Amino acid sequence: MIKTIQLSPTRQGLHEFTSQIARILKESQLQEGLCTLFVKHTSCSLTIQENADPSARHDLENWLNRLVSENDPLYTHIFEGADDMPSHIKAALTATSLSIPFINCQLCLGTWQGVFLWEHRHHVSSRSIIVHLGD
Amino acid sequence: MIKTIQLSPTRQGLHEFTSQIARILKESQLQEGLCTLFVKHTSCSLTIQENADPSARHDLENWLNRLVSENDPLYTHIFEGADDMPSHIKAALTATSLSIPFINCQLCLGTWQGVFLWEHRHHVSSRSIIVHLGD
Amino acid sequence: MIKTIQLSPTRQGLHEFTSQIARILKESQLQEGLCTLFVKHTSCSLTIQENADPSARHDLENWLNRLVSENDPLYTHIFEGADDMPSHIKAALTATSLSIPFINCQLCLGTWQGVFLWEHRHHVSSRSIIVHLGD
């Protein structure tokens, strides 16, 4: 079973959408299997991170922004804006697809794990994530 | 089929557990399919690396420790210890889930590939890895 | 269904092989499901990146080469050449496995997404990528 989650345009940073995946899983009525997420873009990515304390996400975002800076003289791919090439690099360093097993129609996430879209651009349109549910 | 591998507390670094996955696969008696691993934590991760020469793992660990240093003045998420925020960053840069095809009840790993838990914290309790076997 | 893609030796950098995956998918005649790729090596990796403008791949390669430099005095694993240890680090920072849903016998890739082998060594033999197609 394949569904699409459409996320509204957001600002740069980590945006949790665990509840939207859980809803699709619940509607599927599948009890046990594997949920795979795939993001259809090359300037945002997926990550599973701590969903308790926002300071962890804040530090994560700032750390990656420092590592992959805008306006690096190394870049030649610059015509789509200062945040474009850093976005591709950040996407390559993080995940385009993620797989999470589920049991009793519930994702097997750890207590503090949430699933996040990591938006790497400042101004974007909406983002599409494909959800595949298999047994 | 879903099983859990419980790894005992270990020190920071790469810890191979390929044989534990192979055992679960053997017990399943499944011949051909896909084995997906998912780690239920945000301060350790999974990686497939060379399992022949320990110096490669040693360098990998030291390199990542230098890139993601403790006590970075950038961090605000510091109340869980100096190794906590670096652990989240290292987890984001490596893998939370991994999928390995299997044929004839054997993981399709290359000659030098081993599957490792990458523990990013100094002192931890045990770690849970979910193993999903599908056809 | 499991198949192997054998890629000829190439130079360091990103090499697209989306069409070879699409061909295997077409031959399978499977309509809907999940395509998982697994690379059987620890000194190259997989990535999904922009396939329109070569300058993005060029910058990506140069950026990672600067981050993970050859001849770093930190390395002790040096007997396989100056590009060996950087290759393992780059592989750990990118992906060994990737999963892409498919519908109507077509990979659900975004408009600008291509699937690439990221070769991290200068001189290599051919590379094997396992393709698993599930429903």
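Student: By what turn can chain A be laid on chain C?

Tutor: Good place to start, and keep in mind that this is a predicted model. Laying chain A on chain C gives an RMSD of 0.0 Å, with a shift of 0.0 Å along the axis. That is the relation of a three-fold axis. The turn is 120°.

Student: Which residue of chain A comes closest to the rotation axis?

Tutor: Here we look at the C-alpha atoms of chain A. The distance to the axis is 3.3 Å, and the residue is Leu93(A).

Student: Which element of chain A gives the most to the side that touches chain B?

Tutor: The contact takes 29 residues from chain A and 21 residues from chain B. Strand S4 (44-50), helix H2 (54-67) and strand S5 (97-103) of chain A each supply at least two residues of that side. By kind, the side of chain A that touches chain B has 13 nonpolar, 10 polar and six charged residues. With eight residues, the element that gives the most is H2(A).

Student: And how many charged residues are on the side of chain A that touches chain C?

Tutor: In this contact, 21 residues of chain A meet 29 residues of chain C. Strand S3 (33-39), helix H3 (84-93), S5 and strand S8 (127-134) of chain A each supply at least two residues, and H3(A) gives the most, with five. The side divides into nine nonpolar and 11 polar residues, and the charged ones number one.

Student: Through what kind of surfaces do the copies meet, and why?

Tutor: Compare the interface residues of chain A with those of chain C. Only 14% of those in chain A are also interface residues in chain C, so the copies meet through different surfaces.

Notes
Residues numbered from 1 in each chain as written. Chains lettered and ligands numbered in written order. Predicted model: local features only at pLDDT ≥ 70, side-chain atom pairs only at ≥ 80, totals over all residues. Contact = placed C-beta atoms within 7 Å. Helix = DSSP H or I, 4+ residues; strand = E, 2+ residues; numbered from the N terminus. Nonpolar A, V, L, I, M, F, W, Y, C, P; charged D, E, K, R; others polar. Least-squares fit on C-alpha atoms with pLDDT ≥ 70 in both.
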